[in-house]
Amino acid sequence: MEKQHWYESIRYRVPAIVGLTILIPTLAFSFFTSRSARENILENAKHSLYTSLYGSSLLMEASMEEVRSFSRNLSQNSEFLNQIVRYLSEPSERRQKELSLALGQYVGEMQELDQIYLIFEKSDQILSTDFDQKMLSKADGFGEKLNQLYQEYFFGRIDWYSLPIGEAFTDWRMAHIRPVPIPEEFGGCTILCTMKENLDSAAALDYPGALSAVTDYQGRILTASWRMERFAENLKENSLFENAYTQNENNGSYIGEGEVSYLVMYYNSVESGWKYVGAIPLSEILENFSSQAPGILLIVLLGVLSIFLGSGLLYIGVVKPLNYLMRGMKRMEEGELAPLENIRQKGEIGAVLHSYNRMTEKLRQLIDEVYVQQLLRKQAQLSSLQSQMDEHFLYNTINTIYCEACREKAGKSANMLIVLSQYFRLSLAKGQDKVGLDQIEELIRCYLKIQTMRFGEDLICRIEDFPDMDQYVVLKYLFQPIVENAIIHGFESSRGCHTVEIIFRKEEEFLYFEVKDDGAGMPEATRRLLTEETGTFQPVKGSGYALKNIREQIRITYGEEYPIHIESREGEGTRVYFRIPLERRSTDEK
């Protein structure tokens with residue numbers, strides 16, 4: 001019988017343990033707290049409502065004090081008063097714009113301000129900072145309403161007032177009214193500063209039906225939440241709130257009975273003399289509270305159901321996908337790298353399954369890459385053997401041509417062929433990629449001997465070496481092509497006597513190699529093109545093929561940090577040099 005995996009056993013154990021751990025304390029808690037739950041909920045609601053009212057009173061009164069100070073300072077501002085007098089003396093459009101602009105600037109200085117209105121006793125117009133209506137007529141609309149309030153209440157008063165605004169006068173704003181001292185000949189003038197938003201301390205509570213209002217001690221509403229619209233303008237006359245105005249305490253609460261029962265809280269502000277009133281429907285406070293006894297059986301049933309449901313979810317979310325993964329890993333052990341199909345799981349389990357698919361895909365790619373690399377390695381080995389055969393064939397053919405040249409008494413050609421034959425004998429190097437530095441020097445000397453036969457005394461060659469060159473090995477095709485470039489490109493287009501200097505120098509653990517000529521040189525654009533190391537090496541001859549080939553050999557063998565340097569001036573010669581790490585000859589190579 002197959003052994004059960006650990007993740008299969010948790011299908012039943014975990015839901016049962018979690019279910020019982022939650023179910024038993026829940027039942028005990030529900031039984032022992034049923035008597036005090038209602039009182040605690042009410043106390044929390046009282047505390048929340050009181051905190052909201054008190055916090056709103058602090059914020060409200062701080063903002064109102066800012067507006068009150070602003071209104072007082074503005075009414076005493078001599079420049080502002082002079083602007084009013086100039087406007088009333090000469091009520092032209094220019095004076096009106098100057099005064100409106102000044103009012104607008106004052107509004108911008110106060111974050112709490114919404115609008116400023118200037119009401120003149122002897123003028124038919126009311127000046128406003130409203131962008132859409134700078135002048136209000138006292139004959140109709142909002143201007144008529146302001147003029148009526150001015151005549152009935154505002155004139156000569158310093159007070160706060162709940163001002164109706166909007167087309168239907170259904171929105172309310174707290175407004176501070178203050179008389180402006182101007183000469184008597186112009187009549188009275190009152191400045192009206194409205195705050196931006198109404199106070200709604202109930203908005204901070206988690207009860208949709210909560211109410212809040214600010215009134216004076218006579219119950220007149222100064223500002224209120226929008227839900228207060230269905231109550232009377234004077235809360236002292238309302239049966240729900242009348243007890244708040246008969247109590248002497250600074251704050252308190254009670255249950256207000258009516259069609260809907262409310263928890264009512266009030267707070268008296270000593271500083272302003274205002275009363276902050278709030279109410280929350282009891283149905284909303286206690287909507288999550290009910291007798292616990294009928295729910296005990298339901299909790300037990302839900303607990304048992306949750307155990308079975310948790311078992312099913314664990315099977316779908318954990319056990320089933322892990323079984324799917326185990327089958328895939330077993331197929332992998334048998335050599336089948338097949339990805340998992342139709343993965344629908346999310347989260348950590350889904351991430352594991354997708355990681356498994358990525359792993360199998362990566363393994364398949366690596367296997368393919370190894371296979372391709374083996375093919376390329378075999379092809380490279382075959383190409384190397386064929387190259388050696390080509391060089392060996394060329395070496396033997398040159399010897400045959402040398403014998404024929406000797407027979408025909410072509411001495412110079414014969415000598416060049418024998419030196420070329422020696423060059424290819426050294427180049428073969430028994431099929432090795434790396435040869436001794438002493439052999440490299442000898443290879444270069446053979447090449448220079450051929451060129452000396454060609455150019456005669458016009459070519460002067462100097463080679464600087466160091467004593468223990470035979471102790472080190474290097475790649476055999478790094479050096480001769482640079483010497484060849486110096487002669488072919490430097491001298492063929494510039495006839496005359498020329499010198500080539502070749503330097504092999506040991507600098508600590510590095511080999512410094514340099515080829516310097518006094519030939520034709522090259523333009524700066526060509527030098528930059530040959531110096532650039534951008535792009536991938538393409539084995540196509542022409543356009544600096546030899547230098548690109550050498551640079552690629554150095555990069556593959558020693559790394560990116562060993563570049564080839566080129567210095568050249570047109571008509572003055574060229575200097576090519578590089579440094580590479582020295583590699584000692586092994587005992588077997590000796």
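I began with burial over the whole chain and noted that buried residues make up 40% of its 590 residues; the model I am reading is a predicted one. The accessible surface of the chain comes to about 34,700 Å², and 53% of that area belongs to carbon and sulfur atoms. I then looked up the secondary structure and recorded 13 helices and 19 strands in the chain. For contacts between residues at least 6 apart in sequence, I wrote down that 59% join residues at least 24 apart.

**Entry on the sheet**

I followed an open sheet of 5 strands, whose order is β13-β15-β16-β18-β17 and whose pairing is mixed. The edge strands are β13, residues 459-464, and β17, residues 565-569, each of which pairs on one side only. On average, and with direction ignored, neighbouring strands of this sheet are turned by 10° against each other.

I next asked in which sense β13 and β15 pair. The sense is parallel, over 6 bridges, with β15 covering residues 498-507. As a single position to check in the viewer, I picked isoleucine 463, whose bridge partner in β15 is isoleucine 502. As a reminder to myself, strands of a sheet pair through backbone hydrogen bonds, either parallel or antiparallel.

**Entry on the loop after β15**

I moved on to glutamate 508, which I placed in the loop between β15 and β16, the latter strand being residues 510-517. Phi of glutamate 508 is near 60°, which I flagged as a positive value in a residue other than glycine. Is glutamate 508 buried or exposed? Its relative accessibility is 67%, so I entered glutamate 508 as exposed, the cut-off for that class being over 50%.

**Entry on two helix positions**

In helix α4, residues 93-109, I looked up serine 100. I listed serine 100 as buried because its relative accessibility is 7%, where buried requires a value under 20%. Leaving aside residues up to four places away in sequence, I found that serine 100 touches Leu127, Ser128 and Lys134.

In helix α7, residues 293-333, I looked up leucine 302. Its relative accessibility is 47%, and therefore I put leucine 302 down as partly exposed, a class that lies between the 20% and 50% limits. I also noted that Leu302, together with Leu298 and Leu305, makes a nonpolar surface patch of about 300 Å².

Terms used
Residues are numbered from 1 along each chain as its sequence is written. This is a predicted model: local features need pLDDT of at least 70, side-chain atom pairs count only at pLDDT 80 or more; totals for chains, interfaces and linings use all residues. Side-chain values use heavy atoms; hydrogens and water are left out. Two strands pair if DSSP finds at least two bridges between them. Helices (H or I, at least four residues) and strands (E, at least two) are DSSP runs, numbered from the N terminus. Axes are lines fitted to C-alpha atoms, for helices over the stretch in contact, and angles run from 0 to 180 degrees between N-to-C directions. Patches are made of residues with over 30% relative accessible area and no salt bridge: like charges are joined within 9 Å, nonpolar side chains (Val, Leu, Ile, Met, Phe, Trp, Tyr) within 5 Å. Accessible areas come from the Shrake-Rupley method with a 1.4 Å probe; for residues, only the protein chains shown count as cover. A salt bridge is a side-chain nitrogen of Lys or Arg within 4 Å of a carboxyl oxygen of Asp or Glu. Buried means under 20% relative accessible area, exposed over 50%, partly exposed in between (1.4 Å probe, protein chains only). Contact means heavy atoms within 4.5 Å.
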